[in-house]
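The report below describes one protein model for a reader who works with coordinates. It begins with a single residue and its surroundings, and then widens to the whole chain.

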Amino acid sequence: MNPAHATTDHVFTVPLDHAAPDGATLRVFARELVDPARAGEELPWLLFLQGGPGGKSPRPTGTSPGWLAHALKTHRVLLLDQRGTGRSTPLTARAAARFRDPAQLAAHLGHFRADSIVADAELIRRALSPDRPWETLGQSYGGFLTLTYLSRAPEGLRACYVAGGLPGLASTADEVYARTFPRVRDRGHAFYARYPDDAGRLRRIADLLATRDVRLPDGDRLTVRRLRALGLVLGMGDGFERLHWLLDEALDDDGELTDTFRYQVMALTGFTDNPLYAVLQETLYGQGAGPTAWAADRAHAALPAFAEDADPLLLTGEMVYPWMFRDVRGLRPFTEAAELLARRADWPPLYDPARLAANTVPVAAVVYHDDMYVDAGLSLDTARTLGAARVWVTNEWEHDGLAASGDRVLARLMDLAAGRA
């Protein structure tokens, strides 16, 4: 029986700073997938840009997810581990701890934003497909990368597909969180409406944590604020159920937290596999408009509904807060550098609005109407100013529609880009 895909691993050496190509370098890894029956053909390339920041590309298994199976019918797919993730010189807690000077680490981290990732992608494209532009599929943050790619190197692109990831081109972190906190609040209330008993269960757990020193398996203290970070899952299609069944096994017959619950909370909130998600989250919105200055933390503090003594207890979504770098073992080596990044005011812009308005590369994007993470209003504002863009708005899926829909989302995006829909 033939495997679902033939794979080839590629490793590239790229400059840490593309403006100083003779300086320090990084290793960037990418995995090529192709239908074994078409491995000898000259197929167009599709570069997959993973969500995040800080997320590595998916690892293929024996059967392909729907979107990948659809792509492999016509394309050679490249799964890129963005710099700092997976096998691309991973910037883990251990790697960060090797930096003795927080300012040096902060400067190093400044080279892990979208502009550097796009420069890596272009270097890789010129190595693999020097005479032809390629197509891209950007999931979530991958859509942010796509807009940077179109701003900086559109000549490398033949068509772009974006799933839940059109950013506001000039949106500050404050504007983003002013729009997304109400969505997090509404998702929390919707969760309690579906599972009413979980409101009381979460309150009992929070009361226990407020009066007891409860430790996770790695030694971190489980606090109420870390408990509330479980709200990260609520924006996914299966998020309500994942959280409900986690809470279902949270307490034993004596009212103590179970080992199963503590282990899963550690895994879901520990950033062990993706510390850059927390470290770089607000830098996405740093574009020369002053420091981000922990915008999510400031927004959260101004919302009474999110107070720890509010009823019901609301979870806090994907937002990142300064306390995480003190409380979470996997983030502590980044603490002082993260503070310096929050104060940085000279972030270079990631998008070129004039170039995007004049864009001629076909762009097909799906905007999820109820997206908890990427505000649909900002996405549609961007779509109206983006040349050659066709946008599909739907409430059929949450933020993970690309994976949850089988092949339907990617198939529709490809049809839109080609003018078939």
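Thr148 lies in helix H5, which spans residues 141-152; helices here are DSSP runs of H or I with at least four residues, strands are runs of E with at least two, and both are numbered from the N terminus. This is a predicted model, in which local features need pLDDT of at least 70 and side-chain atom pairs count only at pLDDT 80 or more, while totals for chains, interfaces and linings use all residues. Residues are numbered from 1 along each chain as its sequence is written, and side-chain values use heavy atoms, with hydrogens and water left out.

With a relative accessible area of 0%, Thr148 is buried, where buried means under 20% relative accessible area, exposed over 50% and partly exposed in between, for a 1.4 Å probe and protein chains only. When neighbours within four places in sequence are set aside, Thr148 is in contact with Ala114, Asp115, Val118, Leu350 and Tyr351; contact means heavy atoms within 4.5 Å.

Another threonine, Thr211, is found in helix H7, residues 197-211, and is exposed, with a relative accessible area of 65%. Thr211 and Thr89 are separated by 122 residues in sequence and, from C-alpha to C-alpha, by 42 Å in space.

Helix H18, residues 408-417, has as its buried residues Val409, Leu410, Ala411, Leu413, Met414 and Leu416. After H18 comes Gly419, whose phi is positive, near 80°.

**Backbone geometry**

Most residues other than glycine have a negative phi, and most peptide bonds are trans. Phi of Ala293 is nevertheless positive, near 55°, and Ala293 sits in the loop between helix H11 (275-280) and H12, where a relative accessibility of 33% makes this alanine partly exposed. Ala388 also has a positive phi, near 60°; this residue belongs to the loop between helix H16 (376-385) and strand S8 (389-394) and is partly exposed at a relative accessible area of 38%.

A cis peptide bond runs from Gly52 to Pro53, with omega near 5°, and Pro53 is part of the loop between strand S3 (45-49) and helix H1 (66-72). The bond that joins Asp311 and Pro312 is cis as well, with omega about 0°; Pro312 is found in the loop between helix H12 (295-301) and helix H13 (324-327).

**Aromatic rings**

A pair of aromatic rings is described by the distance of the centres and the angle of the planes. Rings of Phe, Tyr and Trp (its six-membered ring) pair if their centres lie within 6.5 Å, and planes under 30 degrees apart count as stacked, over 60 as edge-to-face and the rest as tilted. By this rule the count comes to twelve aromatic pairs, among them the two in the table.

| Pair | Centre to centre | Angle between planes | Class |
|---|---|---|---|
| Phe191 and Tyr192 | 5.7 Å | 50° | tilted |
| Phe271 and Tyr277 | 6.3 Å | 20° | stacked |

In the tilted pair, Phe191 is buried at 1% relative accessibility, and Tyr192 is buried at 8%. In the stacked pair, Phe271 is buried at 13% relative accessibility, and Tyr277 is buried at 12%. Ring pairs also link Tyr177, Phe181, Tyr285 and Phe306 into a cluster.

**The whole chain**

The secondary structure of the protein comprises 18 helices and eight strands. Along the principal axes, the C-alpha atoms fill a box of roughly 65 × 45 × 45 Å. The radius of gyration of 21 Å agrees with the value near 22 Å that a compact globule of 421 residues would have; the radius is taken over C-alpha atoms, and the globule rule is 2.2 Å times the number of residues to the power 0.38.

Of the 421 residues, 55% count as buried. Among the contacts with a separation of 6 or more, 77% come from residues 24 or more positions apart. The protein exposes about 17400 Å², of which carbon and sulfur atoms supply 50%; accessible areas come from the Shrake-Rupley method with a 1.4 Å probe, and for residues only the protein chains shown count as cover.

There are 46 positive and 54 negative side chains, and the centres of the two sets lie 3 Å apart. Lys and Arg count as positive and Asp and Glu as negative, with His and the chain ends not counted, and the place of a charge is taken as NZ of Lys, CZ of Arg, CG of Asp or CD of Glu.
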